[in-house]
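Subject: Structure handover

Hello,

Here is the structure for your files. My notes on what turned up in it follow below.

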Amino acid sequence: MSEEKILASETSVLALALLDEDCFYQTISTLKIDDFQDQRNKLIFEAMNECYEASNTRPNPSVLADKLKVSNKLDLAGGTDYLSNIITNVPPYSDLSEYIKQIKQTSSLVKMKEVLEKNLSQANKGVGDIPNFLDGVQKSVNDVMQAQNDGGFKTPEQVLSSYLGKLDERIEERRKTGKNSFLTGISSGYSELDDFTRGFQKGELVIIGARPSVGKTAFAINIATNIAHKKIPVAFFSLEMTAEQIMGRLLTNRAGIDLKTIESLNYTKTRDNRGGFILTPDKSVTAGSTNIRDLSNFQNAVNSLAKDPLFINDNPGTNVRAIQGEVRKLQTSHPDLGLVIIDYLGLIQSASAKTNSSDNRQNQVSDISRALKAMARDLKLPVIALSQLSRTVESRKDDHKPVMSDLRDSGSIEQDADKIMMLYRPDYYHDNDNKENQEEQQDQPNNDDDAISNVTVILAKNRNGKVGEIQFTFQKNVCHFNAIDTTQTASLDNEEPPLEEM
């Protein structure tokens, strides 16, 4: 299709969407921003979506122009003259589906060309493992074809073709490895958890809930580093801690030494010819430590983490729209992005401006959870969001094990999430009870960061699999979770004390 016809299809769709409500909803539910080839039309369509998310209504041309002007994109979108020209050349409403089809086909052809050019370039540079290379080419082509079929109803033949294609991939994997892998998504790094989930699946929303300080951020960090260490890119949004604080936890986890020890190390830093760090003990500093083993472990952790595709965003007070925009940009440079983690849901701003201060928090969180689920499906990525549990779990006298209704301001979280995991640490409740008597009993043991706690990960909801409990140990000082083989390992002796002892 010529550039002139492509432009005509795009402007026709935009005109119909701006002037007719049914056309508008059909357009925004079928097309995506990157389906448009003309940069002006991309910006107009993006602004249309933003206006709709802000008001939950179709924007008129005047509102759209104001939106573009406020964001300093009006000139880039062609200015008011270009917008006026689009509106004055309105095509027949009956042609909308054909215009959308043309836009989708053009978008698919452009993406297919990019995929083929990329793989051709890689082939020209040399390919070591030809079967794996060809598998990658086939997967890239399938992804483009899948995108072409998104939206609208699908016939049984179309769905079966897609489903059988996925089964073919599993057969080929068994042929190559000789193993019958049960994973259909990305492994968490814990086979005991994967046995329940079959991995984190594309398009699903996973909630990890716990009371403060139980270890939900640490658990998410363990999952993130397990996946990134396999060279699968991970996006980690930290809305509570800075990127440096998250990196401190990552380093303690990888090095196996606590943060206090890391911060006490004295060394001089140089780089080797491959860009790695060389840390040499600096004994000229009398305070602190130059322990050779600790320094060696720290150096290895630094150089190891530096190579992992783990991307940390610590922009506070962000909303789902901003998160999705950041992930899209990351996908451009890392199309193999495998997972998004958000710490945590309670700090995300409302997903749309239609929520105001008079709305209760449950409505806001419901709005956010729906937006997160939509984002996961749109980006075709698993999204993990951490969430606080309410104080209700602590007020129960007979059993402190959390249930789904303990999710704070749950709203529609239980409905929107595909998987819900909750962390239960028995000694957390014992320690909190002891704190009430610390002034009178100074020798009363407090929460020992060096101690190993027993943590139960309760998989309370699993839309496409079984639910149950997985036992872990958690060493807080090095931010490390380790799954327990319950068939061979006895429970730790830090079970929650009976009611009469608390």
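**Strand β1 and its neighbours**

Strand β1 sends Leu205, Ile207 and Gly209 to one side and Val206, Ile208 and Ala210 to the other, and all of them are buried. Please keep in mind throughout that this is a predicted model. The two-sided arrangement agrees with a general rule: in a regular strand, side chains alternate between the two faces of the sheet. Because six of the six residues in β1 (residues 205-210) are buried, the strand is largely enclosed by the rest of the structure.

What does β1 pair with? One partner is strand β7 (residues 383-388), which runs parallel to β1 and is joined to it by six bridges. Within that pairing, Val206 has Ile384 of β7 as its bridge partner. Another partner is strand β8 (residues 419-424), again in the parallel sense, with four bridges to β1. Here Ile207 is bridged to Ile420 of β8.

**Backbone points to check**

Most residues other than glycine have a negative phi, and most peptide bonds are trans. The following places depart from that.

- Ser213 is not a glycine, yet its phi is positive, at about 75°. Ser213 belongs to the loop between β1 and α10. Its relative accessibility is 53%, and the cut-off for exposed is over 50%, so Ser213 counts as exposed.
- Lys380, also a residue other than glycine, has a positive phi near 55°. Lys380 sits in the loop between α15 and β7. With a relative accessible area of 29%, Lys380 is partly exposed.
- The peptide bond that joins Asp343 and Tyr344 is cis, with omega at about 0°. Tyr344 is placed in the loop between β6 (339-343) and α15 (361-379).

**The second largest pocket**

The volume of the second largest pocket is about 590 Å³. Three elements give two or more residues to its lining: α10 (216-228), α11 (243-255) and α12 (259-264). Of these, α11 supplies the largest share, five residues. In total 25 residues line the second largest pocket, and those nearest its centre are Ala218, Met241, Arg249, Lys476 and Cys479. Which classes make up this lining? There are ten charged, eight polar and seven nonpolar residues in it.

**Cavities**

How many cavities of 30 Å³ or more are there? The count is two. The second largest cavity holds about 40 Å³ of space. Its lining consists of Leu43, Glu46, Ala47, Glu50, Leu68, Ser71 and Lys73. Helix α3 (residues 39-55) gives the most to that lining, with four residues. By class, the lining of the second largest cavity has three nonpolar, three charged and one polar residue.

**Where to look**

If you open the model with limited time, I would begin with β1, whose six residues are buried and which pairs in parallel with β7 and with β8. After that come the positive phi of Ser213, the positive phi of Lys380 and the cis bond between Asp343 and Tyr344. The second largest pocket, with α11 as the main contributor to its lining, and the second largest cavity, with α3 in that role, can be viewed last.

Regards

Note on methods
Residues are numbered from 1 along each chain as its sequence is written. This is a predicted model: local features need pLDDT of at least 70, side-chain atom pairs count only at pLDDT 80 or more; totals for chains, interfaces and linings use all residues. Side-chain values use heavy atoms; hydrogens and water are left out. Buried means under 20% relative accessible area, exposed over 50%, partly exposed in between (1.4 Å probe, protein chains only). Two strands pair if DSSP finds at least two bridges between them. On a 1 Å grid over the protein atoms alone, a cavity is a set of points where a 1.4 Å probe fits but cannot get out, and a pocket is an open set with protein on both sides within 12 Å along at least five of seven lines; lining residues have an atom within 4 Å of a point. Grid points are joined across faces, edges and corners, and a volume is the space filled by probe spheres set on the points. Ala, Val, Leu, Ile, Met, Phe, Trp, Tyr, Cys and Pro count as nonpolar, Asp, Glu, Lys and Arg as charged, and the others, Gly among them, as polar.
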